[in-house]
Amino acid sequence: PAPDTVLILTAAALPKSAKRRGAGKQKKDITDIVAYLKSPQNRFGTDVTVEFKRLREPVMALWIKTEFQKHGKAISPAAIAVLQALKSDSTREIAGEIEKMHLALPDAAEISEDDVYTLLGMSKQYNLFQLSDAVFERNTAKALEILSVIASSEAPTLIVYHLSKQLAVLWQARYLPPSRGRSTDEEARSVGVGMGWQLDNLKKFLPNFRNPDEFERLFEYLLEADLELKSQSTDPFSVLSRLVYQLTTPLT
């Protein structure tokens, strides 16, 4: 190749170094990339490896804000939270949506929560956030109504993932020291969300979960639903409906 060639190889994971398997058996023809990069063979240091880890939620929020700033736009904290929830933790998908929003609203100085719902084709009344709020209110009828609307547009496993993530934050919030006034962003990051207002929105549901043993049971329900959705041919809506009943029924 020409001296100025740049060759980029991508992989889901780096292969591990050869290891002995059984008596005298060894895997062959496997390159330990990391060992090579550290070896004298890479004498010019021009061969490098870069790992792109998935961004955690607080870091993702900052990344979204920065990406909008590159387009000369601001985005409200609520809009960031909605975008993260609806597009999970895929930076590729979120980057695509950011580009679409920039093209759809070229003159907008700030992207609002309503803009995100509209441009993603989502309802502000029927979405993942409203579902988790209804579940934590222990309002079975409302949660089932929302589920019936979003079940056709959201992946069943994504619904379970969102409920699990929100419940995990709620569970951790029980152990935070009492705070005066609003929660800080630092407190929010300590339990896995990016901003204080998100933590406060979840903490208001804590009185509905007074039994300390309840969270373990709820996480078991979520795990069972996730496994059933991934391993069996049961109707997904039936699995999710049963899950909603389980999550909204207080432990007696």
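Of the contacts in the protein with a separation of 6 or more, what percentage comes from residues 24 or more positions apart? The figure is 63%. Keep in mind that this is a predicted model, and let's walk through it from the overall layout down to single residues.

Start with the inventory. The protein has 12 helices and two strands. Reading from the N terminus, the order of elements is α-α-β-α-α-β-α-α-α-α-α-α-α-α. The protein is 252 residues long, and 34% of them count as buried. Ahead of the helices there is a stretch of chain before α1, which covers 33-38, and Val 6 sits in that segment. Val 6 is exposed, because its relative accessible area is 69% and the cut-off for exposed is over 50%. Its C-alpha lies 9.9 Å from that of Asp 47, with the two positions 41 residues apart in sequence.

Now for the inside. The largest nonpolar core has 57 residues, and the ones with the most contacts inside it are Ile 64, Leu 83 and Leu 131. The helix that gives the most to this core is α8, residues 156-173, with eight residues. Leu 83 is a handy place to look around from. Ignoring neighbours within four places in sequence, Leu 83 is in contact with Ile 64, Phe 68, Ile 94, Glu 97, Ile 98, Met 101, Val 116 and Leu 120. So who does Leu 83 touch that carries a charge by residue type? Glu 97 is on its contact list, and Glu is one of the residues that count as charged.Next, turn to the C-terminal end of the chain and look at helix α12, residues 236-248, beside helix α11, residues 214-231. Their axes are 10 Å apart and meet at an angle of about 180 degrees. Angles over 145 degrees count as roughly antiparallel, and therefore α11 and α12 are roughly antiparallel to each other. On the α11 side, the contact uses Arg 217, Leu 218, Tyr 221, Leu 222, Ala 225, Glu 228 and Leu 229. On the α12 side, the contributors are Pro 236, Val 239, Leu 240, Arg 242, Leu 243, Gln 246 and Leu 247. Sorted by type, the residues of this contact come out as 10 nonpolar, one polar and three charged.

Helix α12 has another partner in α7, residues 140-150. Here the angle is about 155 degrees, and the axes are 10 Å apart. This pair, α7 and α12, is therefore roughly antiparallel as well, and α7 passes α12 in a right-handed crossing. From α7, Thr 140, Ala 143, Leu 144, Leu 147 and Ser 148 meet Phe 237, Leu 240, Ser 241, Val 244, Tyr 245 and Thr 248 of α12. That contact divides into seven nonpolar, four polar and no charged residues. Leu 240 is worth finding on screen, as it appears in the contact with α11 and also in the contact with α7.

Which residues does Leu 247 touch, leaving aside its neighbours within four places in sequence? The list is Val 135, Arg 138, Leu 163, Leu 218, Tyr 221 and Leu 222. Leu 247 belongs to α12, and it is buried because its relative accessible area is 5%. Leu 247 and Arg 138 are 109 residues apart in sequence, but their C-alpha atoms are 7.4 Å apart in space.

Arg 138 deserves a stop of its own. You'll find it in the loop between α6 and α7. Is Arg 138 buried or exposed? With a relative accessible area of 12%, Arg 138 is buried. Its backbone stands out too: phi is near 65 degrees, a positive value in a residue other than glycine. Most residues other than glycine have a negative phi.

Arg 138 also turns up among the contacts of Glu 214, a residue of α11. Beyond residues up to four places away in sequence, Glu 214 touches Arg 138, Asn 208, Phe 209, Thr 249, Pro 250 and Leu 251. Glu 214 counts as buried because its relative accessibility is 2%.

Finish just before that loop, in helix α6, residues 128-136, where Gln 130 is found. Gln 130 is partly exposed, with a relative accessible area of 25%. Outside its neighbours within four places in sequence, Gln 130 is in contact with Lys 124, Gln 125 and Ile 146. Lys 142 is 12 residues from Gln 130 in sequence, and the C-alpha to C-alpha distance is 9.2 Å.

Terms used
Residues are numbered from 1 along each chain as its sequence is written. This is a predicted model: local features need pLDDT of at least 70, side-chain atom pairs count only at pLDDT 80 or more; totals for chains, interfaces and linings use all residues. Side-chain values use heavy atoms; hydrogens and water are left out. Axes are lines fitted to C-alpha atoms, for helices over the stretch in contact, and angles run from 0 to 180 degrees between N-to-C directions. Helices (H or I, at least four residues) and strands (E, at least two) are DSSP runs, numbered from the N terminus. Angles under 35 degrees count as roughly parallel, over 145 as roughly antiparallel, 65 to 115 as roughly perpendicular and the rest as oblique. Contact means heavy atoms within 4.5 Å. A crossing is left-handed if the near helix is turned anticlockwise from the far one by less than a right angle, and right-handed if clockwise. A nonpolar core is a set of buried Ala, Val, Leu, Ile, Met, Phe, Trp, Tyr and Cys residues joined through side-chain atoms within 4.5 Å. Buried means under 20% relative accessible area, exposed over 50%, partly exposed in between (1.4 Å probe, protein chains only).
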